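Hi there,

Here is the structure I promised to pass on to you. Have a look at it first, and then read on for what turned up in it.

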Amino acid sequence: VADVARGLEHGFVNVAPKFTRDVEGSGRHVSPEEYRRVMLGSKFTLCPMGHNPESHRIYEAIEAGSIPILAIDEDYKNHLCKDAFGPMIESGFPGILLDDWTDLERVLEALLADADKLDHMQAQVVQWKASFLGAAAAQFEATLASSRRQGRGAEGRRVRIPLVTGCARGGATRSVTQLLHARGISAVHEDVRGGHVSVSWLHAANAAAYPSGDTEAAAGGYAFAPVVQLVRHPLRAIGATRHCLNATTSGSEHCADNEENWKFVDAFLPQYLPVGAYLQGGSKFSTKDPLDAVRRSMAYWLGWNRMIEARFPHASRMRLESMDPQRLVQELGMQATPGVSEGGAVLAPVPVSLEQEWEGVLKVTWQDLLE
């Protein structure tokens with residue numbers, strides 16, 4: 001890689017023989033100040049693999065606004081750390097991926113000849129830093145905070161609440177709450193309460209405040225476990241949220257606090273979506289234009305599910321269309337008592353419909369999404 005880089009005009013190459021703590025005295029190493037200056041002044045940064053494919057230089061380049069260059073070459077493909085760049089690539093990684101380092105000069109010549117494209121790529125680097133790295137940092141901080149709380153004494157520990165969550169209008173709402181009630185399991189809808197299963201799309205987010213007004217979860221008073229993520233066929237999920245993110249009653253055309261809920265969602269989606277896939281701010285989407293509404297619902301479906309997977313990596317996942325109620329109860333660590341509600345009254349164990357939706361607004365096609 002160094003030999004290829006030395007052939008580039010206006011490039012900076014320094015090869016140190018080994019790691020050292022005495023940077024100033026070695027004579028072969030770049031000082032931290034010089035390293036920072038070079039990185040900030042570089043349009044591109046070469047990030048060859050070392051002991052592992054993923055190196056700190058990738059993230060240093062991103063921090064500096066420099067476009068990282070990686071190679072998916074034979075060394076990478078044969079490394080024991082398989083698909084090390086996979087998560088970055090899937091997130092819309094704004095760097096350059098070469099098939100081999102010998103392609104470097106040709107690729108750079110083409111990019112340097114297109115100033116507009118180069119500016120756009122550097123802008124994407126800044127956006128990706130805020131989205132992908134911001135989400136990773138937030139997840140790490142949340143995990144660390146949770147570990148600290150769980151390490152306290154009995155008085156400092158949070159109450160553990162089973163959670164069923166998913167996208168709004170995706171089935172993890174009244175129907176599932178009723179289904180649990182019919183099996184004698186205490187459950188609350190879009191709320192959190194000790195001794196109850198929480199069935200809520202809102203509480204998938206780790207928020208400082210919720211539209212529902214819940215303060216205990218926002219203050220960290222609860223820890224959700226176990227967690228079940230309900231997923232649904234994307235066309236039906238997107239079709240439902242296209243019309244309304246939160247309905248007062250099934251079958252009604254009136255949406256309760258619809259814009260408030262979209263603003264709540266806006267605070268979380270950008271960091272879980274590829275750069276450019278979502279415009280922050282609900283006011284930038286027209287709820288009257290069908291195409292804009294579909295685009296917003298597509299972004300929500302993808303980003304909200306990604307957020308759940310990031311926040312609850314050990315959650316069980318169940319598909320709504322083929323959900324087994326008995327398995328749902330088991331995944332929540334509960335034991336069903338058919339016909340008995342939480343108050344002792346008998347509930348007829350009748351089937352609970354999971355498809356009480358507005359058929360007229362669910363008609364979204366793959367062609368709609370493509371457009």
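Before we start, one term: two residues are in contact when they have heavy atoms within 4.5 Å of each other. Please also keep in mind that this is a predicted model.

**The chain as a whole**

The chain holds 14 helices and eight strands. Of its 371 residues, 41% are buried. If you take the contacts between residues at least 6 apart in sequence, 67% of them join residues at least 24 apart.

**Helix 9 and what lies under it**

A good place to begin is helix 9, which covers residues 174-181. Which of its residues are buried? They are Ser-175, Val-176, Thr-177, Leu-179 and Leu-180. A general point helps when you look at a helix like this: an α-helix has 3.6 residues a turn, so residues three or four places apart point the same way.

What do these buried residues of helix 9 pack against? Their partners are strand 4 (159-166), strand 5 (187-189), strand 6 (197-199), strand 7 (222-231) and helix 13 (325-331). Helix 9 lies across strands 4, 5, 6 and 7, and it runs at about 165 degrees to strand 5.

**The five-stranded sheet**

Those four strands belong to an open sheet of five strands, with parallel pairing and the order 5-6-4-7-8. Strand 5 and strand 8 (316-319) are its edge strands, as each pairs on one side only. On average, neighbouring strands here are turned by 25 degrees against each other, direction ignored.

You can follow the pairings one by one:

- Strand 5 and strand 6 pair in the parallel sense over three bridges, and Ala-187 stands opposite Val-197 in strand 6.
- Strand 4 and strand 6 run parallel and are joined by two bridges; here Val-164 stands opposite Val-199 in strand 6.
- Strand 4 and strand 7 also run parallel, joined by seven bridges, with Gly-166 opposite Leu-230 in strand 7.

Strand 4 is mostly covered, with six of its eight residues buried. In case bridges are new to you, strands of a sheet pair through backbone hydrogen bonds, either parallel or antiparallel.

**The three-stranded sheet**

There is also an open sheet of three strands, in the order 1-2-3 and with parallel pairing. Its edge strands, each pairing on one side only, are strand 1 (44-46) and strand 3 (96-98). From one strand to the next, the twist averages 25 degrees. Strand 1 runs parallel to strand 2 (residues 67-71), and three bridges join them. If you want to find the pairing on screen, look for Thr-45, whose bridge partner in strand 2 is Pro-68.

**The largest pocket**

Where does the lining of the largest pocket come from? Helix 1 (2-6), helix 3 (32-40), strand 1, helix 4 (56-64) and helix 7 (104-112) each supply at least two residues. Helix 3 gives the most, with five residues. In total 45 residues line this pocket, and Phe-12, Val-13, Asn-14, Leu-46 and Arg-57 lie nearest its centre. The space in the pocket comes to about 1,700 Å³.

**Backbone details**

Three spots in the backbone are worth a look. A cis peptide bond, with omega about -10 degrees, joins Ala-225 and Pro-226, and Pro-226 lies in strand 7.

Asp-83 is not a glycine, although its phi is positive, at about 55 degrees. You will find Asp-83 in the loop between helix 5 (74-77) and helix 6 (86-90). Glu-190 is another residue other than glycine with a positive phi, near 55 degrees, and it lies in the loop between strand 5 and strand 6. Is Glu-190 buried or exposed? Its relative accessible area is 11%, and the cut-off for buried is under 20%, so Glu-190 counts as buried.

**Cysteines**

How many disulfides are there? The count comes to zero, where a disulfide would be a pair of cysteine sulfur atoms within 2.5 Å. Two cysteines to look up are Cys-47, which is buried with a relative accessible area of 2%, and Cys-167, which is buried with a value of 6%.

Enjoy exploring, and write back with any questions.

Best wishes

Definitions and conventions:
Residues numbered from 1 in each chain as written. Predicted model: local features only at pLDDT ≥ 70, side-chain atom pairs only at ≥ 80, totals over all residues. Heavy atoms only, no water. Buried < 20%, exposed > 50% of the residue type's maximum accessible area, 1.4 Å probe, protein only. Pairing = 2+ DSSP bridges. Axes fitted to C-alpha atoms, helices over the stretch in contact; angles between N-to-C directions. 1 Å grid on protein atoms, 1.4 Å probe; cavity = no way out; pocket = protein on both sides within 12 Å on 5 of 7 lines; lining within 4 Å. Points joined across faces, edges and corners; volume = space filled by probe spheres on them.
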